[in-house]
Amino acid sequence: MRDINPLAPPRKASRPAILGWLLFDWACQPFFTLVTTFVFAPYFASALASDPVNGQSLWGYATAAAGLVLAILSPVLGSVADATGPKKPWIAASGLVLVIASVALWYAAPGQSYAIPIALIGFAFGTVAVEVAAVFNNAMIPHLVPPERYGRLSGTGWAMGYLGGLVSLVIVLGFLAADPVSMKTVFGLDPLFGLDPATREGDRVTGPFSALWFLVFILPLFLFTPDLPRTGMSLKNAARQGLEQVKNTVADARRHPSVGRFLLANMVYQDALVALFAFGGIYGAGVFGWQAIELGLFGIMLTITGTIGALIGGRLDDRLGAKPVILGAIVILALVCLGVLSLGREHILFVVPTAPPAPDDGLYGSAPEKLFVLLGLVIGSVAGPLQASSRSLLARLVPAQAAGRYFGLLALSGKVTSFLAPLAVAVATAIFQTQAAGPAVLILFLLAGFWLLSGVRRV
């Protein structure tokens, strides 16, 4: 199925070119780490919405809306980019939307009548923009390095992203975002730049901070990384051809069982991974009563293990192949879910009783908490290899000149049912009236993804 585009640049790009491509993940990650997960989202639920339940519901609707738009746009825009040639103009356009949406989050202040719409719209537009930009960045992989280096390049990119998220999280929690009660940051400092904890300026600044971070660190991609030459096709004709190519790509994927089966498997196990990250903090807060400090430090530790895991996973990918790395990650995640399922506030391994934490035990004082932290770190260590090897596997399966539209389908497969695993967790939790139902449901998703991927030819 593979063939090479004669117009593609050489597959041995210079070190500055590779670094520019790698810094894309570093540039984008603060939006995911600060806005989507650890700082702005909890601020929205606790300070803007009427109550945390309503806040989680509204945030979920915004996430679902962004996912629906991505499901429609990603493969179409990927096909258009393939038809016109260069990818960087599309990254620039998406980046502009991301910057504007991120800056808008600053204006979602407590007590303002427009705060909730601004927060939800800014988050949704930013999510769509950063994910669309990733489609075009991923499509550059086959034009930068030969196939035997796809895994290392992809894994290093994920590691750079995790590291960027870690650095940005430490900066924000340590120097900018203060607790509204103590008025101090995690480092015990007054927030920089006179940011007012009472009006949650430290939480809201994550939007402009993510925008500035992106603007600075995306520059090497545009300055040093080679792009494809223009094909000479007009945008109108490219859009028409792009729509036609989406239909052809779907049909083509169906004619090639390995590609179609992989995309289906990716849809299932990515759903489980999304739910694991979405409900991990909720599980810790609900079962163990964790507050912001525990959750923030947990996020920092998880990001560190994610960085290490992505680096190791990329090298295992090149040595063993992408498929074994993905299958191994799925098995580990299923075992982690089983481990989480075995935990309770006063027991581990389902039936082994434990003593409750004493007041002077410090953070993560009980044995169940310590085990939950350990399992969370394992999740972080395999999440990077799982996602990095997914994109390197697809890069090996499809023609280099059609990478944009296939990576659009990869984004589609990762988003089109992204509501399914969280919905299944919510329904199971409501039926059985226990948070333990969540990990049980995710084990089923992971097993289904494992079975589907097992039928993909090894590459």
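This section describes the nonpolar cores, a pocket, selected polar contacts and backbone features of a predicted model.

The largest nonpolar core comprises 65 residues, and those with the most contacts inside it are Trp21, Phe24, Phe40 and Leu153. At least two residues of this core are supplied by each of α1 (15-38), α2 (40-48), α3 (52-84), α4 (88-104), α5 (115-138), α6 (150-176) and α8 (206-217). The greatest contribution is that of α5, which gives 12 residues. Apart from this core lies another, of 50 residues, including Ala159, Leu375, Phe445 and Leu452.

Trp21, one of the residues with the most contacts inside the largest core, falls within the span of α1 (15-38). When residues up to four places away in sequence are not counted, Trp21 touches Asn137, Met140, Ile141, Leu144, Leu153, Gly157, Leu221, Thr225 and Arg391. Leu153 thus appears both among the contacts of Trp21 and among the residues with the most contacts inside the core.

Helix α5 also features in the second largest pocket, where it provides the largest share of the lining, 6 residues. The space in this pocket amounts to about 230 Å³. Its lining consists of 15 residues, of which Leu73, Val97, Val128, Ala129 and Val132 are the closest to the centre. Two or more lining residues are given by each of α3, α4 and α5. These three helices are also among the elements that each supply at least two residues of the largest nonpolar core.

A buried acidic residue is found in helix α12 (residues 292-320), namely Asp317. Its relative accessibility is 1%, and Asp317 therefore counts as buried. The side chain of Asp317 is joined to that of Ser389 by a polar contact of 2.9 Å. With residues up to four places away in sequence left out, the contacts of Asp317 are Gly151, Ala322, Val325, Ser389, Ser392 and Arg396. Ser389 is accordingly present in the contact list of Asp317 as well as in the polar contact.

The structure holds 2 salt bridges. One of them is formed by Asp190 and Lys184, with the closest N and O atoms 2.7 Å apart. Lys184 counts as partly exposed because its relative accessibility is 33%, a value between the 20% and 50% limits. In the salt bridge between Asp203 and Arg200, the N to O distance is 2.8 Å. Both Asp203 and Arg200 are buried.

Arg200 combines this salt bridge with a positive phi of about 55 degrees, although it is not a glycine. The residue lies in the loop between α6 and α7. Because its relative accessibility is 16%, Arg200 counts as buried, the limit being under 20%. The partner residue, Asp203, falls within the span of α7 (201-204).

A positive phi in a residue other than glycine is also found at Met183, where the angle is near 65 degrees. Met183 is placed in the loop between α6 and α7 (201-204), and Arg200 likewise lies in the loop between these helices. The relative accessibility of Met183 is 35%, so this residue counts as partly exposed, whereas Arg200, at 16%, counts as buried.

Conventions
Residues are numbered from 1 along each chain as its sequence is written. This is a predicted model: local features need pLDDT of at least 70, side-chain atom pairs count only at pLDDT 80 or more; totals for chains, interfaces and linings use all residues. Side-chain values use heavy atoms; hydrogens and water are left out. A nonpolar core is a set of buried Ala, Val, Leu, Ile, Met, Phe, Trp, Tyr and Cys residues joined through side-chain atoms within 4.5 Å. Buried means under 20% relative accessible area, exposed over 50%, partly exposed in between (1.4 Å probe, protein chains only). Helices (H or I, at least four residues) and strands (E, at least two) are DSSP runs, numbered from the N terminus. Contact means heavy atoms within 4.5 Å. A polar contact is a pair of N or O atoms within 3.5 Å; within protein, one must be able to donate a hydrogen and the other to accept it, and residues adjacent in sequence count only if both atoms are side-chain atoms. A salt bridge is a side-chain nitrogen of Lys or Arg within 4 Å of a carboxyl oxygen of Asp or Glu. On a 1 Å grid over the protein atoms alone, a cavity is a set of points where a 1.4 Å probe fits but cannot get out, and a pocket is an open set with protein on both sides within 12 Å along at least five of seven lines; lining residues have an atom within 4 Å of a point. Grid points are joined across faces, edges and corners, and a volume is the space filled by probe spheres set on the points.
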